[in-house]
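Me: Hey, can you walk me through this protein? I'm new to reading structures.

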Amino acid sequence: LRGVPAANEFHQAYRLNTLHNAIKQQIIERAFTLLRSAGIEPILVKGWAAARRYPEQGLRPHGDIDLCVRPEQFAEAATALEKLPDVQYEVDLHNGFTKFGGGNVEAIYARSQLVKLGTTDVRVLCAEDHLRILSIHMLREGAWRPLWLCDIAAAIESRGADFDWNRCLTDNRRQADWVICALRLAQQLLGARLDETPAAHITRPLPRWLVPTILKEWESTVTSMSQRHTAPMASFLRSPAGVLKGLRYRWPNTIEATISMHAPFNELPRLPFQIGNCVARTAKFAARLPGLLRE
């Protein structure tokens, strides 16, 4: 297949990723240096932390630089990043790990590890927390991006012999089921090897609606999920004609709705969870509406 046009496109993407990632790595180093100078120790999640599990850096593009900090240091970290606007623009700062499934912040920090990036030691999650967070994040976002499932497959197959599945799955039964579901998706759609994992001997099929939902998202040129946050709903208060478009993009797919409602992946209909997701988000928006109207 070396001579086919698609191979050339992949090669060009590899070259571009390699160059782009080198620039991103320099920004990561600057972000860590800046925050540490303010007495703040961030943890890098996804992005480079996921790419380091691939055989070569050029095989995975870097996106935003996701940094998690202790909740009590979030405001101080945001202020510190303002000193370097070019770095601030690239960083997606998170208040603890709530967006990624939560967990005891200090325990996650205690399990984290330092790895070398250029001339800087950057802090990343331990392998178990890394896989759990990747899995929950992918499902929470509706699994619309194929790269996220590739990250999970790479994390599964690159894990060490001392990988602790009890730590990865935690005591949260629902989250453990979500992680197992993500592992099985990586196997079914990407051929990831699940030898010696808790999912290896599960014989029951995945819910019939799950894989079709993912494939529908992947086949879309512009997915509703990727357009979900192009503009906040508040912006449509001044442009009512765009409300229907905004609502269309914000209708959750079955996967996102399942996670948002803390529901299991089973054969039950998903429509009630999708409606519940919309009702919950509408209630939050309505609570903010008086303040938005005053603005």
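Reply: Sure, we'll go through the overall make-up, then a helix, then the strands.

Me: Before that, what kind of model is it, and how are residues numbered?

Reply: It's a predicted model, where local features need pLDDT of at least 70 and side-chain atom pairs count only at pLDDT 80 or more, while totals for chains, interfaces and linings use all residues. Residues are numbered from 1 along each chain as its sequence is written, and side-chain values use heavy atoms, leaving out hydrogens and water.

Me: Cool. How many helices and strands does the protein have?

Reply: There are 13 helices and 5 strands. Both are DSSP runs numbered from the N terminus: helices are H or I with at least four residues, strands are E with at least two.

Me: And how much of it is buried?

Reply: Buried residues make up 47% of the 295 residues. Buried means under 20% relative accessible area, exposed is over 50%, and partly exposed is in between, using a 1.4 Å probe and protein chains only.

Me: OK, helix time. How many residues does α1 have?

Reply: Helix α1 covers residues 5-37, so to speak 33 residues, and reaches 48 Å from its first C-alpha to its last. That's close to the 48 Å expected at 1.5 Å a residue, where the expected span is 1.5 Å times one less than the number of residues.

Me: Which residues are buried in α1?

Reply: Among them are Asn17, Asn21, Ile27, Ile28, Phe32 and Leu35. Lys24 and Glu29 are on the buried list too.

Me: What follows α1?

Reply: Gly39 does, and its phi is positive, near 80°.

Me: Switching to strands: what's β2 like, covered or not?

Reply: Strand β2 (residues 65-69) is mostly covered, with 5 of its 5 residues buried. Ile65, Leu67 and Val69 point one way, while Asp66 and Cys68 point the other way.

Me: Which strands pair with β2?

Reply: Strand β1 (residues 43-45) pairs with β2 in the antiparallel sense over 3 bridges, and Ile43 has Cys68 as its bridge partner. Strand β3 (residues 91-95) runs parallel to β2, joined by 5 bridges, with Leu67 opposite Leu93. Two strands count as paired if DSSP finds at least two bridges between them.

Me: Where's the positive phi in the β4 and β5 hairpin?

Reply: At Gly118 in the turn, with a phi of about 65°. The hairpin has 2 residues between its strands, and β4 (residues 113-117) and β5 (residues 120-124) pair in the antiparallel sense over 5 bridges.
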